[in-house]
Amino acid sequence: VPVKLYLTSAAGGPVTVHLSSLGSSTATNGNDYTISSNSATFPAGTTGPQTINVTIKDDNSYEGNEYINLGYAITAGGGFATAGNTLQNYEIEIDDDEVAANSGLINTVSTGPGLDDLGPSSPLQGTQTDKKSQYLYLASELLADGLRPGVITDISFIINTKASSAPFKGFTFKVGATSVSNLSNGFATPTSWKTITSGNYDTRFGNNDFTIPGGFLWNGTSNLLFEFCYNNTAASSDDILEGDGTSYTCQARKSSTVAADDGCSYPTATLNSTYRPLFNFTQTSPQTIISSQLNSTSQAAFSSGDKIFFFDGSGNIIASIQNGNSYDYGCTSITIDRAGTGASQFVYSGFANYLMNKTFRVIPGTYHPDGVYTITLYYTAAEKAGWETATLNSWNNIQLIKTSGPISAATPSNPGASGAIEMVTPTRSMFGSDYTLSYTFSDGFSGFGAGIISGTLPVSLLKFEGAKQHAGVELKWTTEQEINTNHFEVQRSANGLNFETIGIVKSFGLTGGNIYSMQDTRAGSVNYYRLKVVDNDGNYTFSTIIAINIAGLRQRIYVLNNPFSNIIRLGFTNQPGERVTTRLMDGSGKLLQQNEFKHVVNSIEFNAPSYLSKGIYLLEAVVDGTRFTYKLVKE
C-alpha cells in the first residue's frame, strides 16, 4: 500500500519526515504489516509526493478487521517546513479473510414490533384485482434487529385478518439489494431480483412461511427491497398483514379494480406510505465438518497473539490454537497422526486406560519450551461414542494427554518412547452434534491425545506456600513421599494462566518427607506460583497455584540473557498494562531495529538482526509510559 506524503509548497531546503504507527492502531507492526523504510526526504524546491510503502501480511489469524493509523514527525529540516492542520493521519483497514469453525447457526430475526394492521398498505388486498407493492428495509435497521451478513434461507409474514376466498393469481414475491434509502420517488429497481415464490398462492391466517430457493446472500451493507404483485381476474376480500411504521417513505404501490390489468407489469407507483410488513428472517448455516482422515494436515504462520483455525485440504476443521504470548512459532503444522472410531493402547494395559484412536501432532517452526497457547481439538460423535464403548469410560471424565513425542510411540513395554507425559482436565464442549476438548498449556507443543490413564504420581506434596521477604518472595514446599522424583521446576505467572520456569531445584532423592525452598528475587506486584514436579522417567504433574501480592512495586525490566547471541529476552516485574516497544541501536545511537508487542504477560523475546557483529549495543524499552535503557553485549 503506497502512502504518499506532500508539501503544500516547495521548501527552501531539504525536509525529512518519519512515518510511525499511532497508539490508536489495532494492527501490529511486524505481525500484520511492515514498513520497509519509514523515512522520506523532500529535496529543496519540491513538493512531492514522497512515497513510503506499507506491506500488508496475511497472517492466517482469525482476528477480525484491524486498522493501521499512521502519523508523521519532521525529523530534519524543521526550519523549512512545519506540520499542517489537516490530512495529518492516514488510516489503512486490513480486512480479515480468515474463517472460524462453525458449529451450525440458526438465527431468527423479526424486523419490528409489529403493532399495526397495514390495512390498504397490505400487499394482498383482494378488493383490488391487481396490485404491485414495494417495501424498503434499511441495512442499519436490519443489523440493529440482529440480522447478520450472510445467507437468508427463510422468510415469513403474518396475516392477522384472512378474508380472501380464492388464491391470488400470478402471485410473485421477490427481494433485491439496493442503495436507495427511501421510496418517495416510487418503485425502485435493485441490481437484481431474487424470486422467493411465484404462482397462484392461497394465503393462510397467521404465519405464511417461504423457503428462499438457494437462499439470498445479504452483504450487510445494502438496503433490502421486497416486491409483491398479483394479477386476479375477480375481486375478493382483503388479507391484512401485521406491520409497523417508519420515519421515512418505505412503501410504494399501485393497485386497480380493472380485471384486465396486470399488477406485476405496473411500471410506476401512484401512492407511497411509511408503513410496511413485519418480516421474520431465518439464517441457517451448516456445521463445519470435522476432519477424521489419517494424515490430514494443515500449516500456517503462527505469531504473537494469533488465533489459527487449522482446516484440512477439504475445508474440514482439525483444531484451533490461540497464541497466549509474544512468541513467533513460525510455520506451524498440525497432523492427525492416528485415526479411527475406537480406542488404542497407551502406556498402561487394560481397556480402561486406552486412548481415543484419533491423536494429533503439532510441530512449530520455532520451538519455545515455555510457550503459552490454548489448543482446541475437534472430535466427531462417532469418535467419542467409539471410545466410550471400547473403554466403558464416560466422556464427562475424559482427560487430555500431551507428550513431547508422538502419542503412538508409547506402549506398556516402552512407556517412555513418547517422552514426557502430561495429563490435564480439559474444557469439554459440544460443537453442534460433535465435540471439542480445550486446554491452555505453557510448555511447548508436540503430541496430543484423549483418554484416561492411571499411574503413580512422582511425588505427594504436603504443603506449598510463599511469603514476601525483603529480597522478594520466599517459596517453601514439603513432600510427604517421593518416588523416583528427579527435580522441581518453580514456575511464575503474572495472570495465573501463562507460566514460565524461574528456577529448578533438584530432589534430595529420599523417599521420606523433605523440605525445600527457593528465593524469587524478581517478583512482581502480582505473582502466581506453581511447581512442576518431574520424575526420572520424564513424567510430571503440577501443584496447586498460590498467589503472592506485593503492593506498590514499581515496574522494572530485566534482560534475561546478557550477553546475547541471536535472541534477546526481557522479563517484567509487573504485567504490562499496554504495548511494549523496543528499539535496538548501535553505540552511536543509530536505530537498527524497532518492535512492538501486545498482550505481554511475563516476558518477551525477539530475534536481533542477523547482520550484527560482536560488540556493544543499546536497548531502549518503553512500558507503561516509562523508558528503560540497557547496554547489551553481542557474543
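1. The second largest cavity in this predicted model has a volume of about 80 Å³. Its lining is made up of 15 residues, and R492, A494, F572, T573 and N602 are the ones nearest its centre. Two strands, β36 (485-493) and β39 (526-535), each put at least two residues into that lining. Sorted by class, the lining has seven polar, five nonpolar and three charged residues.

2. While you're looking at β36, have a look at S493, which belongs to that strand. Is S493 buried or exposed? S493 has a relative accessible area of 1%, so it counts as buried. Its contacts, once neighbours within four places in sequence are set aside, are N498, F499, V526, N527, Y528 and N602. Y529 is 36 residues from S493 in sequence, yet the two C-alpha atoms are 6.5 Å apart in space. N602 turns up twice here: S493 touches it, and it is among the residues nearest the centre of the second largest cavity.

3. How many cavities of 30 Å³ or more does a search of the whole structure find? It finds two. The largest cavity comes in at about 110 Å³. It is lined by 13 residues, with N325, V372, E500, N602 and S603 closest to its centre. So far as class goes, six of the lining residues are polar, five are nonpolar and two are charged. N602 is again on the list of central residues, just as it is for the second largest cavity.

4. Now for the open space. The largest pocket has a volume of about 920 Å³. Its lining runs to 38 residues, and those closest to the centre are N29, G30, N31, Q594 and N595. Strands from separate stretches of the sequence take part: β2 (15-21), β3 (33-35), β21 (297-302), β45 (591-597) and β46 (603-607) each supply at least two lining residues. Which strand gives the largest share of the lining? That is β45, with six residues. In this pocket the lining splits into 20 polar, 10 nonpolar and eight charged residues.

5. On to the cysteines. The model has one disulfide, between C229 and C264, with the sulfur atoms 2.0 Å apart. The bond ties together distant parts of the chain: C229 sits in strand β15 (residues 223-231), while C264 is in the loop between β17 (251-256) and β18 (271-273), 35 residues away. The torsion about the S-S bond is about 95°, which means the disulfide is right-handed. The two partners also differ in how they meet the surface: C229 is buried at 2% relative accessibility, whereas C264 is partly exposed at 27%.

6. Why is C250 not bonded to another cysteine? The closest cysteine sulfur, that of C229, is 18 Å from the sulfur of C250, so the gap is too far for a bond. C250 is buried as well, with 0% relative accessibility. If you're checking cysteines for accessibility, note that C331 is partly exposed, with a relative accessible area of 45%.

7. Strand β28 (residues 373-379) deserves a point of its own. Six of its seven residues are buried, so this strand is largely enclosed by the rest of the structure. It has antiparallel pairings with two strands. Strand β23 (residues 317-323) is joined to β28 by five bridges, and I321 faces I375 in that pairing. With strand β32 (residues 434-441), β28 makes seven bridges, also antiparallel, and here Y378 stands opposite T436.

8. Last, helix α2 (residues 381-391). Which of its residues are buried? They are E383, K384, G386, W387, E388 and T391, so don't be surprised to find charged side chains in the list, given that Glu and Lys count as charged. The buried residues of α2 pack against β25 (343-344), β26 (355-356) and β33 (447-451), as well as β28 and β32. That brings in both partners of the seven-bridge pairing from the previous point. Just after the helix, L392 takes a positive phi of about 60°.

Conventions:
Residues are numbered from 1 along each chain as its sequence is written. This is a predicted model: local features need pLDDT of at least 70, side-chain atom pairs count only at pLDDT 80 or more; totals for chains, interfaces and linings use all residues. Side-chain values use heavy atoms; hydrogens and water are left out. A disulfide is a pair of cysteine sulfur atoms within 2.5 Å. Helices (H or I, at least four residues) and strands (E, at least two) are DSSP runs, numbered from the N terminus. Buried means under 20% relative accessible area, exposed over 50%, partly exposed in between (1.4 Å probe, protein chains only). Two strands pair if DSSP finds at least two bridges between them. On a 1 Å grid over the protein atoms alone, a cavity is a set of points where a 1.4 Å probe fits but cannot get out, and a pocket is an open set with protein on both sides within 12 Å along at least five of seven lines; lining residues have an atom within 4 Å of a point. Grid points are joined across faces, edges and corners, and a volume is the space filled by probe spheres set on the points. Contact means heavy atoms within 4.5 Å.
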